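Trainee: I would like to take a close look at one part of this model and then follow its connections outward. Could you take me through it step by step?

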Amino acid sequence: MYTFNHCCHYVSDMGKSIKFYEDNFGMEKLNEINNERFQMVFIGFKSAPDFFLELIKDKNKSGVYDLGDKSFHFAFFTDDFDECYSGHNKSNIVVSEELEKYKYFVEDPDGYLIEVLKKR
């Protein structure tokens, strides 16, 4: 049997990425590992510690990462769909919406797509 553990994103600016996920999704830094090559920050929800995002900054790379055709995304459920949409829309991070289906997509600072779905 398998369960999800984490999703990894390479980021160009760790501080900007952490702030994005804290401000827009209420996530918190859970742990951090720093070595000569990488800074790794684990960010998630203390109420759901079994799944988190692993944000990695390669200290030898500058600039943004090539995300190909951006076909990959992950999704969050929310009980407060209208409030979340309103906040994300005001933050100008909504890139696609299907409000009649109670879903929309936002984009993080590195271009990763995040789907937000109304929990039913």
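Which residue in strand 8 does Phe77 stand opposite?

Mentor: Phe77 stands opposite Leu117 in strand 8. Please keep in mind throughout that this is a predicted model. The pairing behind that position is between strand 5 and strand 8, the latter made up of residues 113–118, and these two strands run in the parallel sense, joined over six bridges. Helix 1, residues 14–25, packs on the sheet to which they belong, where it touches strand 5, strand 7 (103–107) and strand 8, and its direction makes about 10° with that of strand 8. Helix 2, residues 81–90, also packs on the sheet; its contacts are with strand 5, strand 6, strand 7 and strand 8, and its direction makes about 35° with that of strand 7.

The sheet itself is open and consists of four strands in the order 5-8-7-6, with mixed pairing. Strand 5 (73–78) and strand 6 (94–98) stand at its edges with a single partner strand each, so one side of each is left without a neighbour in the sheet. On average, and with direction ignored, neighbouring strands of this sheet are turned by 20° against each other.

Within this sheet, Glu107 has its place in strand 7, and with a relative accessible area of 28% Glu107 is partly exposed. Leaving aside neighbours within four places in sequence, Glu107 is in contact with Phe20, Lys70, Ile93, Val95, Tyr112 and Leu113. The C-alpha atoms of Glu107 and His73 are separated by 9.6 Å, although the two residues are 34 residues apart along the chain.

A charged group can be followed from here as well. Glu98 forms a salt bridge with Lys101, in which the closest N and O atoms are 3.3 Å apart, and Glu98 is partly exposed, with a relative accessible area of 24%. Salt bridges that share partners join Glu98 and Lys101 with Lys103 and Glu115 into one network.

The other sheet deserves the same attention. This open sheet has four strands in the order 1-4-3-2, again with mixed pairing. Strand 1 (6–10) and strand 2 stand at the edges, each having a single partner strand, so one side of each is left without a neighbour in the sheet. Here the neighbouring strands are turned by 20° against each other on average, direction ignored. Strand 3 and strand 4 run antiparallel and are joined by seven bridges, and Gln39 has Lys57 in strand 4 as its bridge partner. Helix 1, already met on the sheet with strand 8, also lies across strand 1, strand 2, strand 3 and strand 4, running at about 160° to strand 4.

Strand 4 also holds Glu54, a residue whose surroundings merit a careful reading. Glu54 is buried yet has no salt bridge, and the nearest side chain of opposite charge, that of Arg37, is 13 Å away. The side chain of Glu54 is, however, joined to that of His6 by a polar contact of 3.0 Å. Not counting residues up to four places away in sequence, Glu54 touches His6, Cys7, Cys8, His9, Met40, Val41 and Phe42.

Elsewhere, charged side chains do meet partners of opposite charge, and a search of the whole structure finds seven salt bridges. One of them brings together the side chains of Lys46 and Glu28, at 3.6 Å from N to O. Lys46 lies in the loop between strand 3 (38–44) and strand 4 (52–58), while Glu28 lies in strand 2 (residues 28–34), so the pair ties together parts that are 18 residues apart in sequence. Of these two partners, Lys46 is exposed, with a relative accessible area of 56%, whereas Glu28 counts as partly exposed at 35% relative accessibility. Another salt bridge is formed where the side chains of Glu32 and Lys29 meet, at 2.8 Å from N to O. Glu32 counts as partly exposed at 30% relative accessibility, and Lys29 is likewise partly exposed, with a relative accessible area of 39%.

Methods. Residues are numbered from 1 along each chain as its sequence is written. This is a predicted model: local features need pLDDT of at least 70, side-chain atom pairs count only at pLDDT 80 or more; totals for chains, interfaces and linings use all residues. Side-chain values use heavy atoms; hydrogens and water are left out. Two strands pair if DSSP finds at least two bridges between them. Axes are lines fitted to C-alpha atoms, for helices over the stretch in contact, and angles run from 0 to 180 degrees between N-to-C directions. Contact means heavy atoms within 4.5 Å. A salt bridge is a side-chain nitrogen of Lys or Arg within 4 Å of a carboxyl oxygen of Asp or Glu. Buried means under 20% relative accessible area, exposed over 50%, partly exposed in between (1.4 Å probe, protein chains only). Lys and Arg count as positive and Asp and Glu as negative; His and the chain ends are not counted. A polar contact is a pair of N or O atoms within 3.5 Å; within protein, one must be able to donate a hydrogen and the other to accept it, and residues adjacent in sequence count only if both atoms are side-chain atoms.
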